[in-house]
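User: I would like to go through this structure with you. Could we take it piece by piece?
Analyst: Certainly; please put it on screen.

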Amino acid sequence: MSFDRLAPHYRWIEALFARERLQRCRVALLDAIPPPERVLIYGEGNGRFLAELLRRFPAARVTVVEESGVMIDLARSRLRRAGLEAAKVEFVQADALSWEPAASAFDLIVTCFFLDCFRGDQLRFLIPRIASAGEGGARWVVSDFQIAASGLRRARSRFVVGILYLFFRMMTRLSGRELVDPAPLLQAHGFTCERCVEMDHGMLYSAVWRRADTASQARRIT
Ligand SMILES: C[S@@+](CC[C@H](N)C(=O)[O-])C[C@H]1O[C@@H](n2cnc3c(N)ncnc32)[C@H](O)[C@@H]1O
């Protein structure tokens, strides 16, 4: 899978088909989290989320794990254009399935429209690996597509998501073929959903998950 070919066109395709809806979804819950110190972002793409994160939290130190070199170049030039080149951002060009994050090193993890790139068996491998990077009390912002609960909204989201998978499989050789709900895996690895908002007739959601803070629980008990 590679987004290199699609990367130069990603922004205008998003503007044409989704206008600002995806960006609103990415940042929907940024106001609901405390200022993070160390942030780990997977599959950032061309840097729209990253720039907004740094505007709101200029002191954050950010590690971006992104497979596409073209996406990384686009994200870097977006930061330059936004006057954010001095921000503390490390770009790691790597496949998330093989890159191992430092354990318990981050207080915020972010995956925007990233988990939908993977098959269920890959997520069963990847989610525990990503989860291990979160310290006790860490938050994980997941923004992504979902199939709406019922009725016409459900039919609409199935149709749109089906078309998107066809398109992305053609352009990027995406591994995923259908949406897999990451929630059970996040729960199984110690995260609880603090807040979730739905948008675009239930087809988009953003959720803040929080890892149990076992150290402070232990301090309270002793
Ligand atoms: C659908 S795009 C989403 C980009 C951006 N986060 C957004 O909100 O639009 C998926 C991104 O994840 C990256 N990606 C896909 N598979 C990856 C992998 N195995 N390891 C690291 N990055 C990956 C792609 O290069 C691309 O930038």
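## Working through the model

Analyst: D73 is found in helix α4. Please bear in mind throughout that this is a predicted model.

User: Is D73 buried, exposed or partly exposed?
Analyst: D73 is partly exposed, because 16 other C-beta atoms lie within 10 Å, whereas a buried residue would need 20 or more.

User: How far is D73 from L22 in space?
Analyst: Their C-alpha atoms are 21 Å apart, with a separation of 51 residues in sequence.

User: And what does helix α4 pack on? Perhaps start with the order of the strands in the sheet.
Analyst: The sheet is open and has seven strands, ordered β3-β2-β1-β4-β5-β7-β6, with mixed pairing. β3 (88-93) and β6 (191-199) are at the edges; each has a single partner strand, so one side of each lacks a neighbour in the sheet. From one strand to the next, the twist averages 15 degrees. Helix α4, residues 69-81, packs on this sheet and touches β2 (61-66) and β3. The direction of α4 makes about 165 degrees with that of β3.

User: Which way do β1 and β4 pair, parallel or antiparallel?
Analyst: They pair in the parallel sense, over four bridges. V39 has L108 in β4 as its bridge partner.

User: What about β4 and β5?
Analyst: That pairing is also parallel, and it has six bridges. L108 is bridged to R139 in β5. L108 thus appears in two pairings, with V39 and with R139.

User: How many residues of β4 are buried?
Analyst: Seven of its seven residues are buried, and the strand is described as mostly covered.

User: Moving along the sheet, how do β5 and β7 run?
Analyst: β5 (residues 134-145) and β7 (residues 204-211) run antiparallel and are joined by seven bridges. In this pair, V141 stands opposite V208 in β7.

User: Which residue of β6 faces V208?
Analyst: R195 stands opposite V208 in β7. β6 and β7 pair in the antiparallel sense over eight bridges.

User: How many residues lie between β6 and β7 in their hairpin?
Analyst: There are four residues between the two strands. One residue of the turn, D200, has a positive phi of about 50 degrees. H201, found in the loop between β6 and β7, also has a positive phi, near 55 degrees, although H201 is not a glycine. With 14 C-beta neighbours inside 10 Å, H201 counts as partly exposed.

User: Where else is phi positive in a residue other than glycine?
Analyst: R19 is one such residue, with phi near 45 degrees. R19 lies in the loop between α1 (7-18) and α2, and R19 counts as exposed because 10 C-beta neighbours lie inside 10 Å. R173, which follows α6, has a positive phi near 55 degrees.

User: Since you mention α6, what span should its 22 residues have?
Analyst: At 1.5 Å a residue, helix α6 (residues 151-172) should span 32 Å. The C-alpha atoms at its ends are 31 Å apart, which agrees with that expectation.

User: Changing topic: which residues of helix α3 are buried?
Analyst: In α3, residues 48-56, the buried residues are R48, F49, L50, L53 and L54. They pack against α2, β1, β2, α4 and β4 (106-112).

User: And P34, where is that found?
Analyst: P34 sits in the loop between α2 (21-27) and β1 (38-42). P34 counts as exposed because its C-beta neighbours inside 10 Å number 10, and the exposed class covers 12 or fewer.

User: What separates P34 from R139 in space?
Analyst: The C-alpha atoms of P34 and R139 are separated by 9.5 Å, although the two residues are 105 apart along the chain. R139 is the β5 residue bridged to L108.

User: Finally, how many residues surround the ligand?
Analyst: There are 19 residues around the ligand, and the closest are F3, G43, G45, E67 and A96.

User: And how does that shell divide by class?
Analyst: The shell around the ligand has 11 nonpolar, three polar and five charged residues.

Note on methods: Residues are numbered from 1 along each chain as its sequence is written. This is a predicted model: local features need pLDDT of at least 70, side-chain atom pairs count only at pLDDT 80 or more; totals for chains, interfaces and linings use all residues. Two strands pair if DSSP finds at least two bridges between them. Axes are lines fitted to C-alpha atoms, for helices over the stretch in contact, and angles run from 0 to 180 degrees between N-to-C directions. Two residues are in contact if their C-beta atoms, placed from the backbone, lie within 7 Å. A residue is near a molecule or strand if its C-beta atom, placed from the backbone, lies within 6 Å of it. Ala, Val, Leu, Ile, Met, Phe, Trp, Tyr, Cys and Pro count as nonpolar, Asp, Glu, Lys and Arg as charged, and the others, Gly among them, as polar. The expected span of a helix is 1.5 Å times one less than its number of residues.
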